[in-house]
Amino acid sequence: MTKENKIQHLINSLDLIPDCSGCGMRWSTGDYECPHCGNDLDEKLRSWAEKTVGELSSQD
């Protein structure tokens with residue numbers, strides 16, 4: 001997979017970031033806490049990033 005394809009895959013994956021488990025609010029670029037209820041989203045973001053990196057690595 002080319003670098004450009006990896007970039008596009010990651011951009012397309014932004015819709016897969018899980019909603020806040022506290023209130024259902026969607027994540028926005030740059031947020032690490034839910035803007036609606038203040039729940040910490042770090043664990044969910046890390047999980048999403050690990051999955052995405054794994055998918056990209058398996059396509060090399």
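# A two-helix chain and the contact between its helices

Ser13 has a relative accessibility of 3% and therefore counts as buried, where buried means under 20% relative accessible area, exposed means over 50%, and partly exposed lies in between (1.4 Å probe, protein chains only). Ser13 is found in helix H1. The model is predicted, so local features need pLDDT of at least 70 and side-chain atom pairs count only at pLDDT 80 or more, while totals for chains, interfaces and linings use all residues. Residues are numbered from 1 along each chain as its sequence is written, and side-chain values use heavy atoms, with hydrogens and water left out.

## The chain as a whole

The protein chain has two helices and zero strands. Helices (H or I, at least four residues) and strands (E, at least two) are DSSP runs, numbered from the N terminus. The C-alpha trace spans about 40 × 15 × 15 Å along its principal axes. The chain has 60 residues, of which 15% count as buried. Among the contacts with a separation of 6 or more, 38% are between residues 24 or more positions apart; a contact means heavy atoms within 4.5 Å.

## Helix H2 and its two sides

Helix H2 covers residues 42-58, which is 17 residues. From its first C-alpha to its last it reaches 24 Å, close to the 24 Å expected at 1.5 Å a residue. The expected span is 1.5 Å times one less than the number of residues.

Leu45, Trp48, Thr52 and Leu56 are the buried residues of H2. They cover an arc of only 70 degrees around the axis, which puts them on the same side of H2. The arc is that of the directions from the helix axis to the C-beta atoms. An α-helix has 3.6 residues a turn, so residues three or four places apart point the same way.

The face of H2 turned away from the buried side carries the exposed residues Glu43, Arg46, Glu50, Lys51 and Ser58. Glu43 has a relative accessibility of 68%, so it counts as exposed. Ser58 is exposed as well, with a relative accessible area of 59%. Ala49, another residue in H2, counts as partly exposed because its relative accessibility is 31%.

## How H1 meets H2

What do the buried residues of H2 pack against? They pack against helix H1, residues 3-13. The two helices pack at an angle of about 145 degrees, with their axes 11 Å apart. These axes are lines fitted to C-alpha atoms, for helices over the stretch in contact, and angles run from 0 to 180 degrees between N-to-C directions. H1 passes H2 in a right-handed crossing. A crossing is left-handed if the near helix is turned anticlockwise from the far one by less than a right angle, and right-handed if clockwise.

From H1, the contact is made by Lys6, His9, Leu10 and Ser13; from H2, by Trp48, Thr52, Glu55 and Leu56. Sorted by class, this contact has three nonpolar, three polar and two charged residues. For this sorting, Ala, Val, Leu, Ile, Met, Phe, Trp, Tyr, Cys and Pro count as nonpolar, Asp, Glu, Lys and Arg as charged, and the others, Gly among them, as polar.

## Residues at the contact

Three of these residues can be followed one by one; for each, residues up to four places away in sequence are left out of the list of contacts.

Trp48 lies in H2 and counts as buried because its relative accessibility is 15%. It touches Leu10, Ser13, Leu14, Leu16, Ile17 and Pro18.

Thr52, also in H2, is buried, with a relative accessible area of 3%. It is in contact with His9, Leu10 and Ser13.

Seen from H1, Ser13 touches Trp48 and Thr52.

## Pairs in sequence and in space

The table sets sequence separation beside C-alpha to C-alpha distance for four pairs.

| Pair | Separation in sequence | C-alpha to C-alpha distance |
|---|---|---|
| Trp48 and Pro18 | 30 residues | 7.7 Å |
| Ala49 and Ser13 | 36 residues | 9.5 Å |
| Ser58 and Met1 | 57 residues | 9.5 Å |
| Glu43 and Tyr32 | eleven residues | 9.4 Å |

Each pair includes a residue of H2: Trp48, Ala49, Ser58 or Glu43. Of these residues, Trp48 also appears in the contact with H1, and its partner in the table, Pro18, is one of the residues that Trp48 touches.
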